[in-house]
Amino acid sequence: MADNNLAVVAGAMDEPVAQTAKALTPVNALERIQLIDILRGFALFGVLIANMKGYSLPMNAYFGFGADWPGLTPLDQGVDQFILWAIKVKFLSLFAVLFGLGLSVQLMRAQARGISVVPRYTRRLLVLLMFGTAHFILFWFGDILHTYALVGFILLLFRNLSVKVLGRILQGFFLAIILGTFVGSVVPVFRPHPAPSPKLKDWQKTQREAAKLQLDQKMQEEVRILGTGTFTEATQLRARQWLELYADWGTLGYFTFVLHLFLMGLYAGKRRIFQDVEANLPFLRKCMWFGLACLIAGLIRFVPPTPNIPVSQFVRNLLNAFSGYTFFFYAAGIALLTYRSATWRQKFSVIGPVGRMALTNYLTHTLLATSIFYGYGWGLGYFGKMGSTWGLVLSLAIYAAQIPFSAWWLKNFQFGPVEWLWRSLTYGKVQPMKALPEAQSRVGAIA
């Protein structure tokens, strides 16, 4: 099912591009693309839910590096499985796609004015890298801002490619996933696996037990430091975690994955998929069905593994690989609903302000969560003590509070506070903050 829908979406990448109706001008508070804000606000909702386990538990428990956290109840484990199936990679991916979309919008506006986007965008990325590095070292290991900044520099190399070429590149990524899954599933089966000797088995068992003991000790030390330790100890811990992550070759694969999501956003922006929904209705429908197939494919995680048969393993791994593209279903579904129905447009519009000040809200998640979970003398010190169920409840409460706060803020100011700082540092001068009189009652944005 996933393969058929993949072919439909891949083929649709060569369809005619919606034409820009008029020359683009610099963005201000009155000319925002509300649908993109809604999507960003929706993505931020999932990002908060996905990140809550990372705020409240040790790094290895969050990433699942063979670590089972003993405090999780069966209900917590069920909530975890739901989040892995429907939320985690999907919403993080959508957030990354929207970042790439932002570059394409800025690029088109710069081209319309006959200037280069590179100098300004480079400054934006440098400031974002500064924010992200500080966020990682001082607050939380799961920061995505520095990753976006680093991969954003690579994305600039693709800025002048046509929609058709970008579509071909994305098709190549999909085919690489299929080929890589096939090789990873089938080749090991035909590789000789001589039976280990009893001595080797004992050695392997000893190594596993030693590794697990070391991992448990590392997590308990993290609980001690973040729950009752000092800020200096915590900063030193995150510096070590930074080195661990970047010493792992898997980080390179992650960067590649983020780059291909950025390219999707660049493609979507150049094709004006969310700027002109009406012209892209057929493509959006195909994306929605493809995303629904990916959501269904993700149910394979609840099915017990089949015997070690090459074909069955390949199918299982392929379904797992494409389950991460469920965000197609979410994004296209919201676009179609808001286009077709004024009622749904009004319902979704309430999260537009959250998306307009997404950077502020994203960093606020960390400030609030660390105040609850960390110690340092001012936090509540609940690190390692809250399961996934209560973490989900806390996520819903925080996001619910951000909806009215964001709306109130943007009635009085043009930008969120961190967005204002980002913009001011990018331009090298203080930017106007007070909202324009005409914009007092309007919300919606693309940064």
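# Exercises on a helical protein

With a relative accessibility of 8%, Ser 323 counts as buried because the term covers residues under 20% relative accessible area, while exposed means over 50% and partly exposed lies in between (1.4 Å probe, protein chains only). The model is predicted, so local features need pLDDT of at least 70 and side-chain atom pairs count only at pLDDT 80 or more, whereas totals for chains, interfaces and linings use all residues. Residues are numbered from 1 along each chain as its sequence is written, and side-chain values use heavy atoms, with hydrogens and water left out.

**Exercise 1. Place Ser 323 in the fold and list its contacts.**

Step 1. Ser 323 belongs to the loop that joins α13 (310-322) to α14 (327-340). Helices (H or I, at least four residues) and strands (E, at least two) are DSSP runs, numbered from the N terminus.

Step 2. Setting aside residues up to four places away in sequence, Ser 323 touches Lys 90, Cys 294, Ala 297 and Gly 298. Contact here means heavy atoms within 4.5 Å.

**Exercise 2. Characterise the protein as a whole.**

Step 1. The protein has 19 helices and 0 strands.

Step 2. Of its 447 residues, 50% are buried.

Step 3. Among contacts with a separation of 6 or more, 80% join residues 24 or more positions apart.

Step 4. The protein exposes about 21,000 Å², of which carbon and sulfur atoms supply 67%. Such areas come from the Shrake-Rupley method with a 1.4 Å probe; for residues, only the protein chains shown count as cover.

**Exercise 3. Compare the span of helix α9 with its expected span, and find its packing partners.**

Step 1. Helix α9 runs over residues 198-228, has 31 residues and reaches 45 Å from its first C-alpha to its last, close to the 45 Å expected at 1.5 Å a residue. The expected span is 1.5 Å times one less than the number of residues in the helix.

Step 2. The buried residues of α9 include Leu 215, Met 219, Glu 222, Ile 225 and Leu 226. Packing against the buried residues of α9 are α3 (59-63), α10 (231-246) and α17 (358-373).

Step 3. Leu 237 illustrates the α10 side, as this residue is found in that helix. With a relative accessible area of 9%, Leu 237 is buried. Leu 237 touches Glu 222, Ile 225 and Leu 226, not counting residues up to four places away in sequence. The C-alpha atoms of Leu 237 and Glu 222 are separated by 7.7 Å, although the two residues are 15 residues apart along the chain.

**Exercise 4. Trace the salt bridges that involve Asp 216 and Arg 224.**

Step 1. The structure holds 6 salt bridges, each being a side-chain nitrogen of Lys or Arg within 4 Å of a carboxyl oxygen of Asp or Glu.

Step 2. Asp 216 pairs with Lys 212, their closest N and O atoms being 3.1 Å apart. Both lie in helix α9, 4 residues apart, about one turn of the helix. An α-helix has 3.6 residues a turn, so residues three or four places apart point the same way. Asp 216 is partly exposed at 27% relative accessible area.

Step 3. The side chains of Glu 221 and Arg 224 meet in a salt bridge of 2.9 Å, N to O; these two residues lie 3 residues apart in α9. Arg 224 also forms a salt bridge with Glu 233, with closest N and O atoms 3.0 Å apart. Glu 221, Arg 224 and Glu 233 are thereby linked in a network of salt bridges.

Step 4. Glu 233 counts as partly exposed at 26% relative accessibility. Relative accessible area is 34% for Glu 221 and 34% for Arg 224.

**Exercise 5. Describe the largest nonpolar core and a nonpolar surface patch.**

Step 1. The largest nonpolar core has 116 residues, and those touching the most other members are Tyr 148, Met 264, Phe 274, Tyr 325 and Phe 373. Helix α2 contributes the largest share of this core, 13 residues. A nonpolar core is a set of buried Ala, Val, Leu, Ile, Met, Phe, Trp, Tyr and Cys residues joined through side-chain atoms within 4.5 Å.

Step 2. Leaving aside neighbours within four places in sequence, Met 264 is in contact with Val 97, Leu 170, Phe 174, Tyr 325, Phe 327 and Phe 328.

Step 3. On the surface, Leu 179, Phe 182, Val 183 and Val 187 make a nonpolar patch of about 340 Å². Patches are made of residues with over 30% relative accessible area and no salt bridge; like charges are joined within 9 Å, and nonpolar side chains (Val, Leu, Ile, Met, Phe, Trp, Tyr) within 5 Å. Val 183 is in helix α8 (residues 163-190) and counts as partly exposed at 41% relative accessibility.
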